[in-house]
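User: I'm new to this one and would like to get my bearings. Could you walk me through it in a few questions and answers?

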Amino acid sequence: MFLDGIRCGASIAAAQGEVTYEKDVKKIISAHCLSCHGSDAPTMEAYKKDQDGFKKAKKGPRMDTYATLMIMVNGSDTGALMRRVDDGMSTKDGKPGNMYNYLGSTKAEQAANLKVIKEWIGGWTLKRKKDITEVELKAIKALEK
């Protein structure tokens, strides 16, 4: 009984140290992404219907809530967030994603914010939904709270 209490306490302590959307990621997204991906941005479905028009208007798919962001993490567009913000360390050509530079105003800030996002996601993958395995999909943590 006493040992079970210790295990339970350890689990709670470990969970408190986990990176979550609400505690850690939301402030990064708010500071660096919402000018183009905020509440006035299109849904993913609308964006796909007129990508060129939205790109000209400097609007990307909406990601101002946990639910809209998760579409690009492990939803219909699995891996899209990872492909866009990757620093190039996960690519064959070493080229960073097209949104990596927006993660901060300095290289240090970009790297620090990417580290938080990678820890939050857990199973970092650049694969698209059609190519990801069930095991890889389950490795994505991306806790909300």
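**Salt bridges and a helix**

Analyst: Sure, let's start with one pair: E18 and K141 form a salt bridge, with their closest N and O atoms 3.6 Å apart. Keep in mind that this is a predicted model.

User: How many residues apart in sequence are the parts that E18 and K141 tie together?

Analyst: E18 sits in the loop between α1 (2-16) and α2. K141 is in the segment after α9 (134-138). So the pair ties together parts of the chain whose separation in sequence is 123 residues.

User: And is E18 buried, partly exposed or exposed?

Analyst: Buried means under 20% relative accessible area, and exposed means over 50%. E18 has a relative accessibility of 27%, so it counts as partly exposed.

User: How many salt bridges does the structure hold?

Analyst: Side chains of opposite charge can pair when their charged atoms come close. One such pair is E18 with K141, and another is K130 with D131, at 3.4 Å from N to O. Altogether, the structure's salt bridges number 9.

User: What about K59 and D40: which of the two is buried?

Analyst: These two side chains meet in a salt bridge, 2.9 Å from N to O. The pair links distant parts of the chain, 19 residues apart, with K59 in the loop between α5 (51-56) and α6 and D40 in the loop between α3 and α4 (44-49). D40 is exposed because its relative accessibility is 54%. With a relative accessible area of 17%, the buried one is K59.

User: Now for helix α2. How wide is the arc that its buried residues cover around the axis?

Analyst: Helix α2 spans residues 21-32, and its buried residues are Y21, D24, V25, I28 and I29. They're on the same side of α2, because the arc they cover around the axis is only 120°.

User: Which residues are exposed on the other side of α2?

Analyst: The buried residues pack against other helices, namely α3 (34-37), α6 (66-74) and α8 (107-121). Flip to the other side of α2, and the exposed residues there are K27 and A31.

User: Last one: which residue caps the N-terminal end of α2?

Analyst: Look for a side-chain oxygen that lies 3.0 Å from the backbone nitrogen of K23. The residue that carries this oxygen, and so caps that end of α2 under the 3.5 Å limit for a polar contact, is T20.

Definitions and conventions:
Residues are numbered from 1 along each chain as its sequence is written. This is a predicted model: local features need pLDDT of at least 70, side-chain atom pairs count only at pLDDT 80 or more; totals for chains, interfaces and linings use all residues. Side-chain values use heavy atoms; hydrogens and water are left out. Buried means under 20% relative accessible area, exposed over 50%, partly exposed in between (1.4 Å probe, protein chains only). Helices (H or I, at least four residues) and strands (E, at least two) are DSSP runs, numbered from the N terminus. The arc is that of the directions from the helix axis to the C-beta atoms. Contact means heavy atoms within 4.5 Å. A polar contact is a pair of N or O atoms within 3.5 Å; within protein, one must be able to donate a hydrogen and the other to accept it, and residues adjacent in sequence count only if both atoms are side-chain atoms. A salt bridge is a side-chain nitrogen of Lys or Arg within 4 Å of a carboxyl oxygen of Asp or Glu.
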